Amino acid sequence: MTLKEKLLNVMQECARIGKDAVNDEVGYEYVSAAKINDAVNRALVKNRIVTTAETSIKEHLVSGNLSWTSVEITITLHDVDSAETLTIRGAGEGIDKGDKSIAKAQTMAIKYAWKDTLHIVDSADDPDAVADKVQYKSKKPNLNNFTVPF
C-alpha cells in the first residue's frame, strides 16, 4: 500500500471529529487541538505512518505584558513500510499575556495543518457560522498599544 493510499485511510478515519470544547470568552463550541491530535495520531499509527515536525517562527512581537507570535509548522509524514514521505504545512498565530504565544501559535498551526490536509469537517471554525453567536462575557482586551505587522 502506498503512502497516498494510507493517507486516504487516515482521511476516512478522521473525516468528522465532534466538538468537545467551549470558548468561554466568546461562547461557542469547537473541536480542541487535543481531540484532533488524538484522532489523527491514532489513525496515523494504525496506518503505519510516523511524523516529524519543525517550527519556524516568522514574527514575535512584545508590547508590555502581551506577546504575539506567528509561526509556520512543517510536518513530514513517513511511511514505515517504504521510503515515501509527504510534507504538509500549517500557519498559526498566538497572543498571550505571558510566555505562551509561541506554544499557542504552534498548537493552532498543527491543528489547521491536519484539518486542511485531511479535510476534517467542523463548521465551528467557520467565522460566518458563529459570528451571530459571539457574546463576550467580559470586556474585550485593549490592544490599542499593540502593533501587529499587517
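# A tour of the predicted model

The structure holds eight salt bridges. The model is a predicted one, and the stops below can be selected one after another.

**Stop 1: Lys6 and Asp79.** Select lysine 6 and aspartate 79 and show their side chains, which meet in a salt bridge with an N to O distance of 2.6 Å. Lysine 6 sits in helix H1 and aspartate 79 in strand S4, so this pair ties together parts of the chain that are 73 residues apart in sequence. Are these two residues buried or exposed? Both lysine 6 and aspartate 79 are buried.

**Stop 2: Lys46 and Glu13.** Next, select lysine 46 and glutamate 13, whose side chains form a salt bridge at 3.8 Å, N to O. This pair also links distant parts of the chain, with lysine 46 in helix H2, glutamate 13 in helix H1, and their positions 33 residues apart. Lysine 46 counts as exposed because its relative accessibility is 63%, and the class begins over 50%. Glutamate 13, at 37% relative accessibility, counts as partly exposed.

**Stop 3: Lys104 and Asp96, then the network.** Select lysine 104 and aspartate 96; here the side chains meet in a salt bridge of 2.7 Å, N to O. Lysine 104 is partly exposed, with a relative accessible area of 41%. Aspartate 96 has 14% relative accessibility and therefore counts as buried, the limit being under 20%. Now select Lys6, Arg48, Asp79 and Asp81 together: salt bridges that share partners join these four residues into one network.

**Stop 4: Arg48.** Keep arginine 48 from that network and look at the backbone. Arginine 48 is found in the loop between H2 and S3. Its phi is near 60 degrees, a positive value in a residue other than glycine. Most residues other than glycine have a negative phi. Arginine 48 is partly exposed, with a relative accessible area of 42%.

**Stop 5: the S3–S4 hairpin.** From arginine 48, go on to strand S3, residues 49–63, which pairs with S4 in the antiparallel sense over 14 bridges. One place to look is threonine 52, which stands opposite threonine 76 in S4. S3 and S4 form a hairpin with two residues between them. In the turn, select glycine 64, which has a positive phi of about 65 degrees.

**Stop 6: the whole sheet.** Add the third strand to the selection. What is the order of the strands in this open sheet? The order is S3-S4-S5, with antiparallel pairing. S3 and strand S5 (85–96) are the edge strands, each pairing on one side only. From one strand to the next, the twist averages 15 degrees. Then display helix H3, which lies across S3, S4 and S5 and runs at about 140 degrees to S5.

**Stop 7: the nonpolar core.** Switch to side chains again. The largest nonpolar core has 22 residues, and those with the most contacts inside it are Val10, Cys14, Val40, Leu77, Trp114 and Leu118. Helix H1 (3–13), helix H2 (33–46), strand S4 (66–79) and helix H3 (101–118) each supply at least two residues of this core. Which of these elements gives the largest share? H3 does, with five residues.

Within the core, select leucine 77. Leaving out residues up to four places away in sequence, leucine 77 touches Leu3, Leu7, Leu44, Ile49, Val50, Thr51, Glu84, Thr85, Leu86, Ile88 and Trp114.

**Stop 8: His119.** The last stop is histidine 119, in the loop between H3 and helix H4 (127–130). Why does histidine 119 count as exposed? Its relative accessible area is 55%, and exposed means over 50%, so histidine 119 falls in that class. Phi of histidine 119 is near 55 degrees, again a positive value in a residue other than glycine. To see what surrounds histidine 119, select Met11, Ala15 and Trp114, its contacts once neighbours within four places in sequence are set aside. Alanine 15 is 104 residues from histidine 119 in sequence, yet their C-alpha atoms are 6.5 Å apart in space. Trp114, in contact with histidine 119, is also one of the residues touched by leucine 77, which leads back to the core.

Technical notes. Residues numbered from 1 in each chain as written. Predicted model: local features only at pLDDT ≥ 70, side-chain atom pairs only at ≥ 80, totals over all residues. Heavy atoms only, no water. Core = buried A, V, L, I, M, F, W, Y, C linked by side-chain atoms within 4.5 Å. Buried < 20%, exposed > 50% of the residue type's maximum accessible area, 1.4 Å probe, protein only. Helix = DSSP H or I, 4+ residues; strand = E, 2+ residues; numbered from the N terminus. Contact = heavy atoms within 4.5 Å. Pairing = 2+ DSSP bridges. Axes fitted to C-alpha atoms, helices over the stretch in contact; angles between N-to-C directions.
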